[in-house]
Amino acid sequence: MEMPVTGMLNEDGIHIDMNHLKKGEVNMAITFDGGVILGADSRTTTGAYIANRVTDKLTRVSDTIWCCRSGSAADTQAVADIVSYHLGMYATMEGEQPTVGVAAGLFQEICYANKEQLSAGIIIAGHYPSHGGSVYSIPLGGSLHRQSYAIGGSGSTYIYGYCDSYWKENMSEADGIGFVKGALREAIKWDGSSGGVIRMVVLTDKGAKRLLFLPDQGYEGPGEM
């Protein structure tokens, strides 16, 4: 499904206004007919300084569960590491992979208990054979929400209307990838704190497939990594 593009990008697909840069990013996850797709930009900022143009904000926490991280890089990396450790212990003790709900509950417990100290927004998505794909979001403050799709980060402010207009339940994998890529392109274009490449992870009963889309190719490729 071809998604519409509004306005123009700069020559490298990344527009930067040094007078209005702020800490932020954009990430999202959706369910589709067969699994889930996670996507994120790759810009990390420190105030008005772009510290990293190619950050990987999609983090594996178990074989079937990944998360998108927004907020403080240190906080979200620490929380993801803690949850990954506990999920590994769960799998060893129970003899089966944890469900997405179990992972989301662990993330929420940590984020809520430390809400005054953490700057962490987490989107958790995964595919479980008996449950299918599911997406949970934990915004700042530590509340937990199960949704068909979730968006986060400063760039999400610019794409609520886009997502409401073009979201459809039970999309195919190709349509889901097109939807995520189209939404992230819009966020990168309008949000000075979002930019760089677009990374995606597609989780199905066949496992995880990673995708990469580059700004100098109009976010059309190279595709599968």
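## Strand pairing, to start

Two strands count as paired if DSSP finds at least two bridges between them. In this predicted model, strand 1 and strand 10 pass that test with 4 bridges, and they run antiparallel. Within this pair, alanine 29 stands opposite alanine 150 in strand 10.

Zooming out, the protein chain has 4 helices and 13 strands. Of its 225 residues, 52% are buried. As for how the chain comes together, take the contacts with a separation of 6 or more: residues 24 or more positions apart account for 61% of them.

## The six-stranded sheet

The pairing of strands 1 and 10 belongs to an open sheet of 6 strands, ordered 10-1-2-11-12-13, with antiparallel pairing. Strand 10 sits at one edge and strand 13 (222-224) at the other, so to speak: each of these edge strands pairs on one side only. From one strand to the next, the twist averages 10 degrees.

Further along the sheet, strand 11 (residues 198-204) and strand 12 (residues 207-213) are joined by 7 bridges and run antiparallel. Here leucine 203 is the residue that stands opposite alanine 208 in strand 12. And what lies across these strands? Helix 4 (residues 173-190) does: it lies across strand 1 (27-32), strand 2 (35-40), strand 11 and strand 12. Relative to strand 11, helix 4 runs at about 155 degrees.

## Back to strand 10

In a regular strand, side chains alternate between the two faces of the sheet. Strand 10 can be read with that in mind. Tyr149 and Ile151 point one way, while Ala150 and Gly152 point the other way. All four are buried, with buried meaning under 20% relative accessible area.

Strand 10 (149-152) turns up again in the largest pocket, where it supplies at least two residues of the lining. Strand 6 (65-71), strand 7 (120-128) and strand 8 (132-138) each do so too.

## Pocket and cavity

The largest pocket has a volume of about 350 Å³ and is lined by 21 residues. Which of these lie nearest its centre? They are Pro139, Ile151, Gly152, Gly153 and Tyr160. Sorted by class, the lining has 10 nonpolar, 9 polar and 2 charged residues.

Searching the whole structure turns up 1 cavity of 30 Å³ or more, with a volume of about 40 Å³. Its lining is made of Cys111, Lys115, Leu118, Ser119, Ala120, Pro139, Leu140, Gly141 and Gly142. By class that gives 5 nonpolar, 3 polar and 1 charged residues. Pro139 is worth a look in the viewer, as it lines this cavity and is also listed among the residues nearest the pocket's centre.

## Two positive phi values

Most residues other than glycine have a negative phi. Asparagine 170 goes the other way, with a positive phi near 55 degrees. Asparagine 170 is found in the loop between helix 3 (160-166) and helix 4. Is this asparagine 170 buried or exposed? Asparagine 170 is exposed, its relative accessible area being 60%.

Tyrosine 219 also has a positive phi, of about 60 degrees, and it is not a glycine either. Tyrosine 219 lies in the loop between strand 12 and strand 13. With a relative accessible area of 0%, tyrosine 219 is buried.

Technical notes
Residues are numbered from 1 along each chain as its sequence is written. This is a predicted model: local features need pLDDT of at least 70, side-chain atom pairs count only at pLDDT 80 or more; totals for chains, interfaces and linings use all residues. Side-chain values use heavy atoms; hydrogens and water are left out. On a 1 Å grid over the protein atoms alone, a cavity is a set of points where a 1.4 Å probe fits but cannot get out, and a pocket is an open set with protein on both sides within 12 Å along at least five of seven lines; lining residues have an atom within 4 Å of a point. Grid points are joined across faces, edges and corners, and a volume is the space filled by probe spheres set on the points. Ala, Val, Leu, Ile, Met, Phe, Trp, Tyr, Cys and Pro count as nonpolar, Asp, Glu, Lys and Arg as charged, and the others, Gly among them, as polar. Axes are lines fitted to C-alpha atoms, for helices over the stretch in contact, and angles run from 0 to 180 degrees between N-to-C directions. Contact means heavy atoms within 4.5 Å. Buried means under 20% relative accessible area, exposed over 50%, partly exposed in between (1.4 Å probe, protein chains only).
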